[in-house]
Amino acid sequence: MNINIYKEKIESWMENYFKTKDVGDSSVLEPIIYSLKVGGKRIRPILMICTYNMYNNIIDEILPFAASMEMIHTYSLIHDDLPCMDDDDLRRGKPTNHKVYGEAMATLAGDSLLNEAMNVMFSQCLSGELKKIRAAAIISKSSGIDGMIKGQIIDIRSEGQKINEEILLEMHKNKTGQLISASIIAGATMGEAPEKDLETLKSFGEKLGLAFQIKDDILDVEGDSKLLGKTQSDGENDKANFITMYGINKCKEFCNNLTQECYELLNSIERDTKELEDITKFLLEREY
Ligand code: GRG
């Protein structure tokens, strides 16, 4: 199946979920739907579906988990853009959620997306299938205090500080890497991948997450803000990143090397890894 078709399926799953949700006054859903609909590459859910597909092909089984991951990611972007965090005006080419709906509504839109993601996964778990409970636990943990939130705390605490290589890596391993890695591991868990593949995919996820973040920092310097759909703000916010730590040429080299290592890990799995290879290539070459 074509990767663009996965993207459409994820988007229509989320749209349908909120369209059919009975909340009385449907206008309360507007800020949530705004951020879900303004676009996004949908990398995390696509990674989850492609990994699952290596072992199983019942797309309807993985979609609620993939959509939950995208909902968690979108919540994190809404909150990250708030004045009390990164204070950004533009995201995915459109005004940030709080610029349109105000800070209180944007905060609540983020909270709702996180809670709804958990509701979706809990209702899947009611079937009692262990693989679903495991996948939900992996996704939930990755977004928590020993995952993405931990990374965000390190990020905020290190603003204006001179941080070392170890802290920079710890920050990104958690802030960006955890959701990417969890998407891959949850997909493999839902597909009931053998233990040895899970180990390989774990290393693949960690390397891909790191390459993704370094590429993000490269784009922050060299990218076109129109294509990126956001203001390139790390320099303004006085934040340490891979470019300030190593310089742009070294970062490009890291990115290429990590991508190569990702291909090698995928090649060592005795399954059809073509879709994951295509995404790995896309992430290295992306301009947004
Ligand atoms: C607020 C708890 C909390 C966490 C925020 C994800 C995050 C943590 C902050 C985002 C800041 C940022 C720009 C990080 C760099 C990597 C990253 C997550 C980029 C955005 O992800 P993409 O490129 O975005 O997948 P799209 O818009 O395509 O979904």
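## Cavities, cores and helix H15

Tyr 34, Ser 35, Val 38, Thr 74, Leu 77, Ile 78, Asp 81, Arg 91, Arg 92, Pro 95, Thr 96 and Asn 97 line the largest cavity. On a 1 Å grid over the protein atoms alone, a cavity is a set of points where a 1.4 Å probe fits but cannot get out, and lining residues have an atom within 4 Å of a point. The structure is a predicted model, in which local features need pLDDT of at least 70 and side-chain atom pairs count only at pLDDT 80 or more, while totals for chains, interfaces and linings use all residues. Residues are numbered from 1 along each chain as its sequence is written, and side-chain values use heavy atoms, with hydrogens and water left out.

The largest cavity has a volume of about 90 Å³, a volume being the space filled by probe spheres set on the points, which are joined across faces, edges and corners. Two cavities of 30 Å³ or more are present in the structure. Helix H2 (30–37) and helix H4 (59–81) each supply at least two residues of the lining of the largest cavity, and H4 gives the most, with four residues. Helices (H or I, at least four residues) and strands (E, at least two) are DSSP runs, numbered from the N terminus.

The largest pocket (an open set of points with protein on both sides within 12 Å along at least five of seven lines) has a volume of about 1,000 Å³. It is lined by 46 residues, of which His 73, Leu 77, Arg 91, Asp 216 and Lys 230 are the closest to its centre. Here too H4 provides the largest share of the lining, eight residues.

The interior may be described through nonpolar cores, that is, sets of buried Ala, Val, Leu, Ile, Met, Phe, Trp, Tyr and Cys residues joined through side-chain atoms within 4.5 Å. Buried means under 20% relative accessible area, exposed over 50%, and partly exposed in between (1.4 Å probe, protein chains only). The largest core has 62 residues, and those with the most contacts inside it are Phe 65, Met 71, Leu 201, Phe 204 and Leu 276. Helix H4 contributes the most to this core, with eleven residues. A second, separate core of twelve residues includes Leu 168, Met 171, Ile 218 and Leu 258.

Leu 276 belongs to the buried residues of helix H15, which are Glu 275, Leu 276, Ile 279, Thr 280 and Leu 283. Seen down the axis of H15, these buried residues fall within an arc of 140 degrees (taken from the directions from the helix axis to the C-beta atoms), so they line one face of the helix. They pack, with contact meaning heavy atoms within 4.5 Å, against helix H1 (3–19), helix H3 (43–53), helix H11 (195–222) and helix H14 (248–267).

Two residues other than glycine have a positive phi, as the table shows.

| Residue | Phi | Loop | Relative accessible area |
|---|---|---|---|
| Arg 42 | about 65 degrees | between H2 and H3 | 3%, buried |
| Asp 87 | near 55 degrees | between H4 and strand E1 (90–91) | 44%, partly exposed |

Ser 183, in helix H10 (residues 177–190), counts as buried at 0% relative accessibility. Leaving aside neighbours within four places in sequence, Ser 183 is in contact with Arg 44, Leu 47, Met 48 and Met 69.
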